[in-house]
Amino acid sequence: MAAQNAGNGAYWREHLRLLGALLVIWFAVSFGAGILFAEQLNEFHLFGFKLGFWFAQQGSIFVFVVLIFVYAALMRQLDRKHGVED
Amino acid sequence: MDQQSLTYLFVGLSFALYIGIAIWSRVGSTREFYVAGRGVHPVLNGMATAADWMSAASFISMAGIIAFAGYDGSVYLMGWTGGFVLLALLLAPYLRKFGKFTVPEFIGERYYSDAARLVAVLCLVFISFTYVAGQMRGVGIVFSRFLEVDIDTGVLIGMGIVFLYAVMGGMKGITYTQVAQYCVLIFAYTVPALFISMMMTGNPIPQLGLGATLSDGSGLSVLEKLDGTLVDLGFAAYTVGAKSTIDVFAITAALMLGTAGLPHVIVRFFTVPKASDARTSAGWALVFIALLYTTAPAVGAFARMNYIDSLNEKTYAETPDWMKSWETLGLIGWADKNEDGRIQVRAGAPFEGAPAFDDTARGPSGERTVTNTPTANGAELYIDRDIMVLANPEIAGLPDWVVALVAAGCLAAALSTAAGLLLVISTAVSHDLLKRTWMPDITDYQELRAARLAAGVAIIVAGYLGINPPGFVAEVVAFAFGLAAASLFPAILMGIFVKSMNREGAIAGMLAGLFFTAAYIVWFKFIAPETNTAANWLFGISPEGIGFVGTLVNVAVAFTVARFTAQPPAEVGELVEAIRVPSGAGGAHHH
């Protein structure tokens with residue numbers, strides 16, 4: 001049965017790849033755009049905001065919300081593909 | 001109706017609602033008491049999590065901190081929301097699949113060790129009590145400002161309310177009251193923000209208003225005007241920080257990791273029916289949190305601009321009433337250092353320390369006389385950051401009912417967080433210490449009684465801490481996050497993702513992270529506070545951000561120790577594989 005060793009097999013490897021990709025985005029919008037590169041991004045403007053400042057105070061939060069729902073949706077697909085949905 | 005009656009009405013109505021829910025949701029089993037029978041809908045759980053998470057500090061203090069710190073305030077915005085991404089992706093679904101009641105229970109079983117469970121209980125109790133003391137204090141302050149009772153009486157009323165629904169209803173009672181409290185607090189937070197945004201920019205959405213052009217005809221956007229005004233007065237520009245990049249990075253990381261490791265937040269995800277629900281529920285929690293957290297920067301910026309406009313270069317007689325009422329409470333103080341009869345808002349502290357007043361005589365303009373030693377700069381006005389959200393509706397001249405609403409919202413924020421914290425403390429005592437460690441033979445009924453008793457005792461201790469706050473409550477909040485980040489978060493994370501992590505590694509890691517972080521904070525905050533400057537910090541990281549380094553220390557020690565000690569037993573490997581897949585979780589139970 002697929003569920004038996006899914007915790008360390010193909011299901012888990014695909015899951016880790018997905019987590020990695022999402023965490024890269026998580027890092028990029030907050031630590032990247034909001035902190036490390038905020039100064040450079042502040043040269044650009046969006047809706048009256050300096051871009052780096054916007055990412056630090058609003059943009060990163062919006063992306064976080066989207067990330068979690070994308071994760072939940074993609075995981076539902078992955079669970080179904082491997083027959084391990086609850 | 002006047003302001004006072006309106007406040008009584010709003011606060012009274014909201015309390016009646018919470019008590020009604022408490023009576024409706026009484027519980028009869030430990031399963032209901034600890035995890036609400038695991039039947040909570042993911043959206044409702046998200047709402048409850050949001051109320052649980054957003055404390056008096058989020059509600060009252062955050063916008064004030066942002067108002068004064070500008071860009072540097074972003075560490076709280078990103079730190080306290082980004083943690084939910086980690087929670088949703090790395091912890092919540094697997095812990096829900098594990099299907100037990102508490103965080104120490106997971107650590108105890110995953111690391112096949114009573115010692116590991118006890119270390120986790122120790123971290124949990126310390127983190128939670130630190131936090132709850134601040135909440136009770138917040139309740140007391142709001143009561144004293146809006147209901148005109150003294151702070152201690154306010155704390156006692158708050159204790160009574162929490163006692164009713166936490167002891168009767170356990171997690172189930174708390175969950176449904178938190179849902180109601182979320183609705184009250186978010187309404188109370190956003191309504192004044194909509195009004196103010198509309199007044200200042202013509203755009204009612206505060207998130208857009210912050211970037212919009214001012215409707216005062218200057219043609220400048222809010223942030224441009226604010227940057228310009230602040231720089232003219234000698235402050236740092238609003239959109240550029242004063243902290244070093246590495247410190248901003250470390251504080252944000254410590255707050256994110258700490259958020260994901262806070263037991264009272266994690267345990268909320270044990271209440272949903274399925275592991276996949278834990279994922280979506282974390283998303284909903286963040287939606288509800290983001291509503292407040294993206295409003296806060298707008299509230300902060302508008303408040304900063306409004307208060308400078310209404311006070312700077314004004315005579316005392318010209319200042320609005322709110323200035324005088326907060327001055328009466330000692331949270332605003334003006335020293336006319338250049339004796340020109342006008343208030344100068346400038347960068348720097350106007351005098352040393354918080355204002356002390358001499359009430360035997362008034363100053364030449366009629367102001368309260370400040371007795372502190374004046375500083376050499378041109379600043380004359382002291383304003384406590386915590387009053388920004390509370391005073392904002394008054395500053396912007398909003399109607400009385402909005403001010404009353406803010407009082408009810410603030411109490412909702414403080415009470416919901418206090419209840420969530422008290423529940424994890426009582427659960428740790430009755431379940432992790434009694435049932436799992438000392439008295440495994442007690443029946444479900446006895447355990448439930450012990451849980452209620454523990455909740456009662458925890459409330460009394462919390463109330464005591466609220467009435468007699470340790471002088472360093474504000475300081476120890478950084479402690480709570482740092483310790484959660486350096487102890488519980490890595491232990492849980494490695495428990496799920498690193499199958500070979502063993503008992504010895506996990507315990508050594510938790511203790512190393514805990515002691516490293518605690519020692520650093522204690523040194524700079526309590527033993528040698530005079531050395532607490534960037535030059536003395538490790539890598540330039542302040543005590544607020546050191547939890548991030550503590551996390552790395554934990555992981556490094558854990559891997560090193562695990563390399564040289566015995567592999568975990570085979571059953572543990574099976575347990576880890578089982579929690580990684582959603583299928584086969586215990587079913588829900590409807591109520």
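What follows is a chat about a predicted model with a chain A and a chain B.

Reader: Let's start with chain A: how many helices and strands are there?

Author: Chain A has four helices and two strands, and if you follow the sequence from its beginning, these elements come in the pattern α-α-α-β-β-α.

Reader: And which part of chain A does the UniProt annotation cover?

Author: The unreviewed UniProt entry carries the annotation "domain: Sodium symporter small subunit", which covers residues 10-85 of chain A. Over residues 10-85 the chain is 82% helix and 5% strand, with the end C-alpha atoms 15 Å apart.

Reader: What radius of gyration does chain A have, set beside a compact globule of 86 residues?

Author: The radius of gyration of chain A is 17 Å, whereas a compact globule of 86 residues would have one near 12 Å. Taken along the principal axes, the C-alpha atoms of chain A fill a box of roughly 55 × 20 × 15 Å.

Reader: OK, and what about chain B, how does its radius of gyration fit the globule value?

Author: Chain B has 591 residues, for which a compact globule would have a radius of gyration near 25 Å, and the 25 Å of chain B agrees with that. Its secondary structure comes to 21 helices and four strands, and the box filled by the C-alpha atoms of chain B is roughly 80 × 55 × 45 Å along the principal axes.

Reader: Switching topic, how many residues are in contact between the two chains?

Author: On the chain A side 46 residues are in contact, and they meet 54 residues of chain B. The area buried between chain A and chain B is about 4,100 Å², and carbon and sulfur atoms give 72% of this area.

Reader: Which three residues supply more of the area that chain A buries than any other three?

Author: Those are Q57(A), I68(A) and D86(A), which supply 17% of the area that chain A buries against chain B.

Reader: What about salt bridges, what is the count between the chains?

Author: The count between chain A and chain B is two salt bridges, and in one of them the side chains of R279(B) and D79(A) meet at 3.1 Å, N to O. There are also twelve residue pairs in polar contact across the interface of chain A and chain B.

Reader: Last one: which element of chain A gives the largest share of the side that touches chain B?

Author: That is α4(A), with 17 residues. The elements that each supply at least two residues of that side are α1 (2-5), α2 (10-36), β2 (49-50) and α4 (51-81) of chain A. By kind, the residues of the side of chain A that touches chain B divide into 29 nonpolar, twelve polar and five charged.

Technical notes. Residues numbered from 1 in each chain as written. Chains lettered and ligands numbered in written order. Predicted model: local features only at pLDDT ≥ 70, side-chain atom pairs only at ≥ 80, totals over all residues. Heavy atoms only, no water. UniProt positions renumbered as here; feature names shortened; annotations may be inferred. Contact = heavy atoms within 4.5 Å. Buried area = accessible area lost by both parts, 1.4 Å probe. Salt bridge = Lys/Arg side-chain N within 4 Å of Asp/Glu carboxyl O. Polar contact = N/O pair within 3.5 Å; in protein donor to acceptor, adjacent residues only side chain to side chain. Nonpolar A, V, L, I, M, F, W, Y, C, P; charged D, E, K, R; others polar. Rg over C-alpha atoms; globule rule 2.2 N^0.38 Å.
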